[in-house]
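Please write a short report on the pockets, the ligand and the unusual backbone features of the structure shown here. Plain wording for a first-year student is enough.

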Amino acid sequence: MLLEYNVALQIMLESAKNSGTEKVCFTKSLNRVLAEDIYSDINMPPFDKSAMDGYACRHQDLDNELEVLEIIGAGYEPTKIVGKNQCSKIMTGAKVPKDADTVVVIEDVEELENNRIKYRLKKSKSNICYLAEDVKVGDKLINEGTKIEAKHVAVLASVGKTEAEVYKNPRIAIISTGDELVEPIRKPGSSQIRNSNGYQLLAQVNELGIDAKYIGIARDNINDTTSLINDALSFADLIIVSGAVSVGDFDFVPTVLADKGFDFLFHGVATKPGKRTLFGTNGKQWAIGVPGNPVSSFIQFQMLIKPFINKLIGYHQIFDDLKLELDDDFKRKNSKRLSFEPVIISGNKVKRAKYNGSANITALVDANAVMLVPKGINEIKKGDSVYVRPI
Ligand code: AMP
Ligand code: MG
């Protein structure tokens, strides 16, 4: 029986359990998912701070000649209080001296004899960043469930959070299958093809910021398939297998996984491509089998495996399906399944990528999204709205 895509996805998400948390140094935290909220231990700015190089003075004295008391560099305490017709030269980032309410910018100041200055204009902004105007001690700055990007590393550094609690990454193994496969370094013989899935799946996992181990090509026999699946199960939480999941004479993956104690939560999804996708668990580990055609395995990774892995790593990720205008006509004869069509988003319009079916991996080079064509829809007209998911 084929499950609807949403049902299959829901089953996978419900099955996904994270295997706990660990502490990482913030310098190694990129792409990890926070298992704690991050709070500030300081005010930002931590003092009234000059936003400019200039002179700190009292706004009411701007029309007058001002006596320069001292020079305050960033990182130094002012030693003088600014009184009537006085100022202190100040650098960007330095602490504003007591009683000054304005920093006039250096470009608008004339330097006179005898350690005096004259402001050339009438009015000035304060040019002061005030104590705690950005953040107060105890403010929550980043939510649990956030995937750490460079901007979050800046915040971790700013609040002195040198170790952060993150969710553990799953250990992932990738297996290709097929007697016809040769590794990319070889030129394929007349009945052979290069193994692209192994490396494509590895790269897709890596794009999520997670390491994975490529195990190799399982040949189309029980022994070899068992042997590679054993290797994978010896360490991995999740194994991803491409090919040999269908109902052909040499599709040994379901048999071997069943032998190894895996229950299948589904084996068949009503999508095109990706119909024979398989998902199972032995209670401790998960196995996902995707059809061997390169576009099938690529797209099923995007549509099912990526949300599953994101759930495993605690990432509160919502996919953003965009509603855009189709800039071509679309027709199909068979509308029994939800179909994922490679498309190119350009502005608020979507064009179809030249695509000859699920073996045509080169069609994905130009595509940056898939259009979701619902079951029962045979035709979409140019100008109609469609849902697309960026890939
Ligand atoms: P299968 O799902 O094993 O029946 O394979 C379906 C199609 O995908 C066949 O044409 C295979 O040759 C091709 N295929 C299977 N595995 C790979 C792979 N790792 N890389 C590229 N093509 C593959
Ligand atoms: Mg095969």
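Proline 45 lies in the loop between strand S2 (38-39) and strand S3 (49-50), where strands are DSSP runs of E with at least two residues and helices are runs of H or I with at least four residues, both numbered from the N terminus. The peptide bond that joins methionine 44 to proline 45 is cis, with omega at about -10 degrees. This is a predicted model, in which local features need pLDDT of at least 70, side-chain atom pairs count only at pLDDT 80 or more, and totals for chains, interfaces and linings use all residues. Residues are numbered from 1 along each chain as its sequence is written, chains are lettered from A and ligands numbered from 1 in the order in which they are written, and side-chain values use heavy atoms, with hydrogens and water left out.

Another cis peptide bond runs from lysine 272 to proline 273, with omega near 0 degrees. Proline 273 is in the loop between strand S19 (271-272) and strand S20 (278-281). Asparagine 127 has a positive phi, near 55 degrees, and is not a glycine. It is placed in the loop between strand S9 (116-119) and strand S10 (128-129). Most residues other than glycine have a negative phi, and most peptide bonds are trans.

Next come the pockets. A pocket is found on a 1 Å grid over the protein atoms alone, as an open set of points where a 1.4 Å probe fits, with protein on both sides within 12 Å along at least five of seven lines; lining residues have an atom within 4 Å of a point. The volume is the space filled by probe spheres set on the points, which are joined across faces, edges and corners.

The largest pocket holds about 410 Å³ of space. Its lining has 27 residues, and those closest to its centre are Glu180, Asn197, Pro291, Gly292 and Asn293. Strand S13 (172-177), strand S15 (193-194) and helix H6 (294-312) each give two or more residues to this lining.

The second largest pocket has a volume of about 330 Å³. Among its 17 lining residues, Lys306, Asn310, Gln317, Phe319 and Pro390 lie nearest its centre. H6 gives the most to this lining, with 5 residues.

Ligand 1 sits in the largest pocket, meaning that more than half of its atoms lie within 2 Å of the grid points of that pocket. Around ligand 1 there are 16 residues, the closest being Glu180, Asn195, Ala244, Gly292 and Asn293; a residue counts here if one of its heavy atoms lies within 4 Å of the ligand. The table lists polar contacts of ligand 1, which are pairs of N or O atoms within 3.5 Å.

| Atom of ligand 1 | Backbone partner | Distance |
|---|---|---|
| nitrogen | asparagine 197 | 3.3 Å |
| oxygen | alanine 244 | 2.9 Å |
| oxygen | glycine 292 | 2.8 Å |

Taken alone, ligand 1 exposes 480 Å², and the protein buries 77% of that; the areas come from the Shrake-Rupley method with a 1.4 Å probe.

Notes:
A polar contact is a pair of N or O atoms within 3.5 Å; within protein, one must be able to donate a hydrogen and the other to accept it, and residues adjacent in sequence count only if both atoms are side-chain atoms.
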